[in-house]
Amino acid sequence: GIALVRRLTDRLESVGWTLANDSQMAVACLIPPKSSPSVEEMVADIVSSGDSWISVTKFEGNSVLRACATNGRTTEADVDRLAELLIAKAKRTSIAS
């Protein structure tokens with residue numbers, strides 16, 4: 001789990017996302033690039049698609065995307081797919097458009 005979350009955060013940080021937390025667990029709180037849609041919009045869009053389950057949480061008063069890899073069946077391919085979905089969603093100025 002921890003290695004999978006590190007894989008996700010490394011990929012997202014390489015394209016402008018910020019890791020908000022420093023956890024020794026398989027949980028990452030992430031902030032998308034400034035021009036991205038809201039975290040709430042991105043999470044709702046991905047969760048409603050059924051591709052991945054992620055959530056919104058508050059970290060130091062700000063909404064952040066929470067991703068974790070606690071299911072033993074989660075694979076690198078699952079994490080890579082989530083990373084690509086998040087990267088694509090972050091490039092859009094409005095998911096509703």
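## Salt bridges and a helix: worked exercises

The structure, a predicted model, holds 7 salt bridges.

**Exercise 1.** Work out which residues are linked with Arg-6 in a network of salt bridges, and how exposed they are.

*Solution.* Begin with Asp-10, which forms a salt bridge with Arg-6 in which the closest N and O atoms are 2.9 Å apart. Both residues belong to helix α1 and are 4 residues apart, so about one helical turn separates them. Next comes Glu-13, whose side chain meets that of Arg-6 in a salt bridge with an N to O distance of 3.7 Å. Arg-6, Asp-10 and Glu-13 are thus linked in a network. As for exposure, Arg-6 is partly exposed at 40% relative accessibility, Asp-10 is partly exposed with a relative accessible area of 40%, and Glu-13 is partly exposed at 35%.

**Exercise 2.** Determine which parts of the structure the salt bridge between Asp-51 and Arg-81 ties together.

*Solution.* The side chains of Asp-51 and Arg-81 meet at 3.6 Å, N to O. Because Asp-51 lies in the loop between α2 and β3 (55-59), whereas Arg-81 lies in helix α3, the pair ties together parts that are 30 residues apart in sequence. Asp-51 counts as partly exposed at 39% relative accessibility, and Arg-81 counts as partly exposed at 43%.

**Exercise 3.** Check the span of helix α3 (residues 76-91) against its number of residues, and find what covers its buried residues.

*Solution.* With 16 residues at 1.5 Å a residue, helix α3 should span 22 Å, and its end C-alpha atoms are 23 Å apart, which agrees. Its buried residues include Val-79, Leu-82, Leu-86 and Lys-89. Among the elements covering the buried residues of α3 are α1 (2-13), α2 (39-49) and β4 (62-68).

Conventions
Residues are numbered from 1 along each chain as its sequence is written. This is a predicted model: local features need pLDDT of at least 70, side-chain atom pairs count only at pLDDT 80 or more; totals for chains, interfaces and linings use all residues. Side-chain values use heavy atoms; hydrogens and water are left out. Helices (H or I, at least four residues) and strands (E, at least two) are DSSP runs, numbered from the N terminus. The expected span of a helix is 1.5 Å times one less than its number of residues. Buried means under 20% relative accessible area, exposed over 50%, partly exposed in between (1.4 Å probe, protein chains only). Contact means heavy atoms within 4.5 Å. A salt bridge is a side-chain nitrogen of Lys or Arg within 4 Å of a carboxyl oxygen of Asp or Glu.
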